[in-house]
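Q: I would like to learn how to read the packing of helices and the setting of single residues in a model. Please take me through some cases.

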Amino acid sequence: MDRFDVAIIGGGAVGSAVAYVLGAYDLRVAVIEKELDVAMGTSGRNSAVVHAGFNNRPGSLMAELCVEGNRGFAALCRQLEVPYRKTGKLLVAFDQEDLAVLRRLLAQGEANGCRGLHLLDQAQLGAFLPQVGGIGAMVSPETGIFDPFLYTVALAENSVANGVHFFFRHPVT
């Protein structure tokens, strides 16, 4: 029976990312996955959005990691040869209550260190996207999209090239 220094349970994005990082060290690493391949569950079917970090509670670890991850994600995708586009995101307000929410999100995002967040008034929104309507909007230029399936596969393939062993059809109970 093979012996490993590290066993990672699950070959989704998180398990494959851990394998990718640990593959750079002199360790025997195994990824144990119940499915036939990586990214067969949630990781291959998520929204594919790289969030900027404005929607997380200021001071939280989630906010810190979201902003940090957003800043480094494009470079990682280039390294893995995974398509990535910084599309930006537009949150539209249709009434005063929505505008209050956008102002709160803007302040929260700024507290988290998000770059480039700004509000548009109704005229600016109309000039930017006339077909949308609304009375204002918040722009998040750092939001991006990627292919989560290709991303997870690229992490896993790089891990295997660095000596990580993947065991598919091996549920852990």
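Q: In this predicted model, how are helix 1 and helix 5 oriented relative to each other?
A: Two packed helices are described by the angle between their axes and the distance between the axes. Here helix 1 (13-22) and helix 5 (148-161) pack at an angle of about 30°, and their axes are 8 Å apart. Angles under 35 degrees count as roughly parallel, and helix 1 and helix 5 are therefore roughly parallel to each other. The crossing of helix 1 past helix 5 is left-handed.

Q: Which residues make that contact between helix 1 and helix 5?
A: Helix 1 contributes Ala13, Ser16, Ala17, Ala19 and Tyr20, while helix 5 contributes Tyr151, Thr152, Leu155, Ala156, Asn158 and Ser159. By type, the residues of this contact are seven nonpolar, four polar and no charged.

Q: At what angle does helix 2 pack on helix 5?
A: The description again takes an angle and a distance between axes. For helix 2 and helix 5 the angle is about 60° and the axes are 10 Å apart. Angles under 35 degrees would count as roughly parallel and those from 65 to 115 as roughly perpendicular, so helix 2 is oblique to helix 5. Helix 2 also passes helix 5 in a left-handed crossing.

Q: Which residues of helix 2 and helix 5 meet?
A: From helix 2 they are Phe73, Leu76 and Leu80, and from helix 5 they are Tyr151, Ala154, Leu155 and Asn158. This contact of helix 2 with helix 5 divides into six nonpolar residues, one polar and no charged. Tyr151, Leu155 and Asn158 of helix 5 appear in the contact with helix 1 and also in the contact with helix 2.

Q: Which residues of helix 2 are buried?
A: A useful general point comes before the list. An α-helix has 3.6 residues a turn, so residues three or four places apart point the same way. In helix 2 the buried residues are Ala63, Cys66, Val67, Asn70, Phe73, Ala74, Leu76, Cys77 and Leu80.

Q: What covers the buried residues of helix 2?
A: The cover includes three helices, namely helix 1, helix 3 (96-112) and helix 5. It also includes strand 3 (49-50), strand 4 (84-85) and strand 8 (144-146).

Q: Where does helix 2 bend?
A: Helix 2, residues 61-80, bends by about 40° at Gly72.

Q: What phi does Glu81 take, just after helix 2?
A: Glu81 has a positive phi of about 60°, although it is not a glycine. Its place is in the loop between helix 2 and strand 4. Glu81 has a relative accessible area of 73%, and because exposed means over 50%, Glu81 is exposed.

Q: Is Ala39 buried or exposed?
A: Ala39 has a relative accessible area of 3%; buried means under 20%, so Ala39 is buried. Ala39 lies in the loop between strand 2 and strand 3. Its phi is near 60°, a positive value in a residue other than glycine.

Q: What does Lys34 touch?
A: Leaving aside residues up to four places away in sequence, Lys34 touches Arg169, His170 and Pro171. Lys34 is found in the loop between strand 2 (29-32) and strand 3. The C-alpha atoms of Lys34 and His170 are separated by 4.6 Å, with their positions 136 residues apart along the chain. At 57% relative accessibility, Lys34 counts as exposed.

Q: Where is Val49, and which residues does it touch?
A: Val49 is in strand 3. Apart from residues up to four places away in sequence, Val49 touches Thr143, Gly144 and Phe146. Its relative accessibility is 27%, and Val49 therefore counts as partly exposed. Val49 and Pro171 are 122 residues apart along the chain, and their C-alpha atoms are separated by 29 Å.

Q: Where is the place of Val132?
A: Val132 is in the loop between helix 4 (122-128) and strand 7 (136-140). With a relative accessible area of 30%, Val132 is partly exposed. Val132 touches Val92 and Phe94, residues up to four places away in sequence not being counted. Val132 and Met40 are 92 residues apart in sequence and 35 Å apart in space, C-alpha to C-alpha.

Conventions: Residues are numbered from 1 along each chain as its sequence is written. This is a predicted model: local features need pLDDT of at least 70, side-chain atom pairs count only at pLDDT 80 or more; totals for chains, interfaces and linings use all residues. Side-chain values use heavy atoms; hydrogens and water are left out. Helices (H or I, at least four residues) and strands (E, at least two) are DSSP runs, numbered from the N terminus. Buried means under 20% relative accessible area, exposed over 50%, partly exposed in between (1.4 Å probe, protein chains only). Contact means heavy atoms within 4.5 Å. The bend at a residue is the angle between axes fitted to the seven residues ending there and the seven starting there. Axes are lines fitted to C-alpha atoms, for helices over the stretch in contact, and angles run from 0 to 180 degrees between N-to-C directions. Angles under 35 degrees count as roughly parallel, over 145 as roughly antiparallel, 65 to 115 as roughly perpendicular and the rest as oblique. A crossing is left-handed if the near helix is turned anticlockwise from the far one by less than a right angle, and right-handed if clockwise. Ala, Val, Leu, Ile, Met, Phe, Trp, Tyr, Cys and Pro count as nonpolar, Asp, Glu, Lys and Arg as charged, and the others, Gly among them, as polar.
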